[in-house]
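Work through these exercises with the sequence and the model side by side. Each task is followed by a solution in steps.

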Amino acid sequence: TFPKHAYELYSQAPSDYLSKLKLMVILREPISREISRYNHMRSEFLATKDTNSWVSEVAFANGTVMSLDHYVETLLKPNIFNGDWEWSGKYADHLKKWSD
């Protein structure tokens with residue numbers, strides 16, 4: 001994967017180069033990212049109907065898929081505000097290895 005390859009190159013750089021090394025990180029705007037995540041889950045659930053998969057959180061018990069508005073109001077907002085949301089793509093977690 002690209003992050004692994006980049007980290008390996010970084011690890012192999014001579015120490016005098018590391019002090020001059022600049023790391024550029026491009027982060028996606030979080031609202032667009034969440035909409036994309038919802039669309040991915042929706043599409044994947046409709047294709048598989050897998051009620052045991054992580055993508056099933058956008059589905060109702062009867063197998064229909066909730067709207068983006070419903071997803072935001074009933075799942076996203078409450079979990080973000082009470083701190084219970086577990087993100088699978090936390091930028092900070094992925095960037096920790098670069099800050100050591």
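**Exercise 1. Place the pair glutamate 73 and lysine 77 in the fold, then describe how their side chains meet.**

Step 1. Glutamate 73 and lysine 77 both belong to helix α4, where they sit four residues apart, about one turn of the helix. The model is a predicted one.

Step 2. Their side chains form a salt bridge, with the closest N and O atoms 2.8 Å apart.

Step 3. Now classify exposure. Buried means under 20% relative accessible area, and exposed means over 50%. Glutamate 73 has 48% relative accessibility, so it counts as partly exposed. Lysine 77, at 35%, is therefore partly exposed too.

**Exercise 2. Find how many salt bridges the structure holds, and identify the residues that are linked in a network.**

Step 1. The structure holds three salt bridges.

Step 2. Start with glutamate 34. Its side chain meets that of arginine 37 in a salt bridge (3.5 Å, N to O). Both residues lie in helix α3, three residues apart, about one turn of the helix.

Step 3. Turn to glutamate 57. Its side chain also meets arginine 37 in a salt bridge, at 3.5 Å, N to O. This pair links distant parts of the chain: glutamate 57 is in the loop between α3 and α4, arginine 37 is in helix α3, and 20 residues separate them.

Step 4. Put the pieces together. Glu34, Arg37 and Glu57 are linked in a network of salt bridges.

Step 5. Check burial. Glutamate 34 and arginine 37 are both buried. Arginine 37 has a relative accessible area of 13%, so it falls in the buried class. Glutamate 57 is at 28% and therefore counts as partly exposed.

**Exercise 3. List the residues of the largest nonpolar core and say which element gives the most to it.**

Step 1. The core has nine residues in all: Tyr38, Met41, Phe45, Val55, Val58, Ala59, Met66, Tyr71 and Leu76.

Step 2. Assign elements. Those that give two or more residues are α3 (30-48) and α4 (68-82). Helix α3 gives the most, with three residues.

Step 3. Look around one member, methionine 66. Neighbours within four places in sequence are left aside; the contacts of methionine 66 then include Tyr38, Val58, Ala59 and Tyr71. Glu57 is also among the contacts of methionine 66.

Step 4. Set this against the general pattern. In soluble globular proteins, nonpolar side chains tend to be buried together.

**Exercise 4. Search the whole structure for aromatic pairs and describe the geometry.**

Step 1. The search finds one aromatic pair.

Step 2. The partners are tyrosine 38 and tyrosine 71, with ring centres 5.4 Å apart and planes at 40°, so the pair is tilted.

Step 3. Tyrosine 38 is in helix α3 and tyrosine 71 in helix α4, so the pair ties together parts 33 residues apart in sequence.

Step 4. Both tyrosines, 38 and 71, are buried.

**Exercise 5. Describe the surroundings of valine 25 and lysine 49, two loop residues.**

Step 1. Valine 25 lies in the loop between α2 (15-18) and α3. Its relative accessible area is 40%, so it is partly exposed.

Step 2. Leu23, Val25 and Leu27 form a nonpolar surface patch, with about 270 Å² of accessible area together.

Step 3. Lysine 49 lies in the loop between α3 and α4. Its phi is positive, about 55°, although it is not a glycine.

Step 4. Lysine 49 has 46% relative accessibility and therefore counts as partly exposed.

Note on methods:
Residues numbered from 1 in each chain as written. Predicted model: local features only at pLDDT ≥ 70, side-chain atom pairs only at ≥ 80, totals over all residues. Heavy atoms only, no water. Core = buried A, V, L, I, M, F, W, Y, C linked by side-chain atoms within 4.5 Å. Buried < 20%, exposed > 50% of the residue type's maximum accessible area, 1.4 Å probe, protein only. Contact = heavy atoms within 4.5 Å. Patch = residues over 30% accessible without salt bridge, like charges linked within 9 Å, V, L, I, M, F, W, Y side chains within 5 Å. Areas by Shrake-Rupley, 256 points an atom, 1.4 Å probe, with all protein chains shown as cover. Salt bridge = Lys/Arg side-chain N within 4 Å of Asp/Glu carboxyl O. Phe/Tyr/Trp six-rings, centres within 6.5 Å; stacked < 30°, edge-to-face > 60°.
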